[in-house]
Amino acid sequence: MSWQKACSMEELKKEKVKLIKGGIVVLLHEGHVYAIDNRCPHMGFPLHMGSLKNGILTCQWHHARFDLSSGGTLDPWADDLIKYETDIQDEQIYVNMARATGDRATYHMNQLQKGLEQNLSLLIGKGVVGLLTIDTKHVRDILHAGIRFGTTSKNAGFDRGVTTLVAMVNVLPKLQLRVQVQALYQALVMVASDGANRAPKRKLTPLTTRADREERWVDWYTDCTNVRDAQGAERILLSAMHTYSKEALSQLVMRAVTEHYYMNDGHVLDFTNKAFEAIELCDDAYHSDILASLPMIVTTAERSEEKSRWRAPVDYYTLVEEALKDIETAGVDPSTAHDDGALLTALLESQDGSSIQAVKQVIMQGVPLENIARVITLAAATRIVHFSTQNDFDDWNTVLHTFSHAHAVHASLQRSHDPSLIRAMMHTVVSLSLDSFLNIPAAKRPVAAELDDDELHHFLALFDTQQPVEVAAQWALSYSDKHADTGPLFATIGEAMLREDAGFHTLQMYEAATAEYDNWNSFDNDFAKRAKDTLLVALVRYVAAHSPTPRELPRFADIAWRLHRGEKIFEDA
């Protein structure tokens, strides 16, 4: 039975407050009996130690105030009380031990929605914890909530928050449940931050263009984005979504994205790729919001062809345009053999634009674009492997931008064989060449060694020391050399990353590196083995370089997890 005897009215009148089993406190105030969870919903302080006055219960730790009659808080950052029904029979007080919150999934989804709307990390954490512990199928509901909020704020494009959310949904199968909570929580905190204090967006209506003229939408969309007209581009895109296939929509958008070079350090193409991944993951009802958020990121972006370093001392813009013209006019001649190793070397050694010619040649040999993109992405990972820690710390992001852009191009080609992505590949090639100075002097590639102890908790402990870049990379490489199953290793890297204030770029690195590693798993040769080692080392070096941090961001998700499990928190504070 859910109803249990708490105490007599006589006892409660004497004591005013009565603790009972199950962590519940019964209170008598102004002639009424209340039963609530004794742990403050903010951080678990015992509420029986709080103060009651004029119908308000105040927690003594952070002074959160609660309306005792409704359980609602006057301080939204603290969340509402959990209340329990009471009944008085024959001067005996009974409490219904079942929480009076209705449908649990709906309750936790409301917490998540409030957390997003009010930019409250604790509520976001509680919503995610509650939904995932009911059933992991609620990942889709969590994604939908984040996408809807992140794409429907005024002047919001498909930005870092929703991009990170899609990336974290992609990597959930690699993580343990508690780390999955952190992955979704940290992404959703970014979504809430991106949309904070923004008014709702009013979506434009589609055009009613004659059916025989709909092919013009491709040119119209590019024309609008070229002159930074976000509204015109949005209306065209919302029109095209009703008749174009997903692949055709992707090609329409990517043509405009690749019209200009490496926009916002490659983020625009990366965000666009994640938007189309979101379309694959989300129900149809969310597609128009996703598409309507794309023009803003294209029309407001910085264009790299306007930067001097893309024009001098090497005029990369002219070299790329000439190569693209050659590809278009000469066609494909598959008579020459192709060597991935030779292409990788050409990409890494070029400082004069010769790598553009190398990529042009393999394209004209008929090598599948997806295969070329895979090697280009490997080259970008190699830059991170050899990134010297003597460089300026911010330049970790320089090499990361090239890698994440390369991965986005590769992922886009896996989804659609879009010839406009040849331009995007060339943009990565130029960025690789510009990054070459960051490998001078080059950090030595680690070599696998015999591990005295290959317990993964020892690996995790390495990230407690300041920037354990080389030692952590060697440990990971040594573990993978010994164990055929690297799943536990990648799960531990994910845990190491998500117990930190990870940030957008680190989360982006994890998703891209694990996806590329998995892609090379489909090949069984020495080159593929070395490629996987490269991706593993690049990932561990980047995560280690950004560890440890104050670990403030994950704290609220941990609190939410412990409160959900009924653990005591105040005693540990």
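Arg374 lies over the face of Trp520, with 5.7 Å to the ring centre. That's one of the spots in this predicted model where an arginine meets an aromatic ring. Another is Arg311, whose charged end sits over the ring of Tyr317, 4.1 Å from the centre. Tyr317 has ring company too: ring pairs link it with Tyr261, Tyr262 and Trp310 into a cluster.

Now for rings that meet other rings. A pair of aromatic rings is described by how far apart the centres are and by the angle of the planes. The count here comes to 14 aromatic pairs. Here are two of them:

| Pair | Centre to centre | Angle between planes | Type |
|---|---|---|---|
| Phe45 and Trp61 | 6.1 Å | 45 degrees | tilted |
| Phe490 and Tyr517 | 4.7 Å | 65 degrees | edge-to-face |

Let's start with the tilted pair, Phe45 and Trp61. Phe45 sits in the loop between strand 4 (32-37) and strand 5 (51-53), while Trp61 is in the loop between strand 6 (56-58) and strand 7 (65-67), so this pair ties together parts that are 16 residues apart in sequence. Phe45 is buried, with a relative accessible area of 7%. Trp61 is partly exposed, with a relative accessible area of 26%.

What about the edge-to-face pair, Phe490 and Tyr517? Phe490 belongs to helix 21 (residues 487-498) and Tyr517 to helix 22 (residues 503-520), so the pair ties together parts that are 27 residues apart in sequence. Are Phe490 and Tyr517 buried or exposed? Both Phe490 and Tyr517 are buried.

Notes
Residues are numbered from 1 along each chain as its sequence is written. This is a predicted model: local features need pLDDT of at least 70, side-chain atom pairs count only at pLDDT 80 or more; totals for chains, interfaces and linings use all residues. Side-chain values use heavy atoms; hydrogens and water are left out. Rings of Phe, Tyr and Trp (its six-membered ring) pair if their centres lie within 6.5 Å; planes under 30 degrees apart count as stacked, over 60 as edge-to-face and the rest as tilted. Helices (H or I, at least four residues) and strands (E, at least two) are DSSP runs, numbered from the N terminus. Buried means under 20% relative accessible area, exposed over 50%, partly exposed in between (1.4 Å probe, protein chains only). A charge sits over a ring if NZ of Lys or CZ of Arg is within 6 Å of the ring centre and within 35 degrees of the ring normal.
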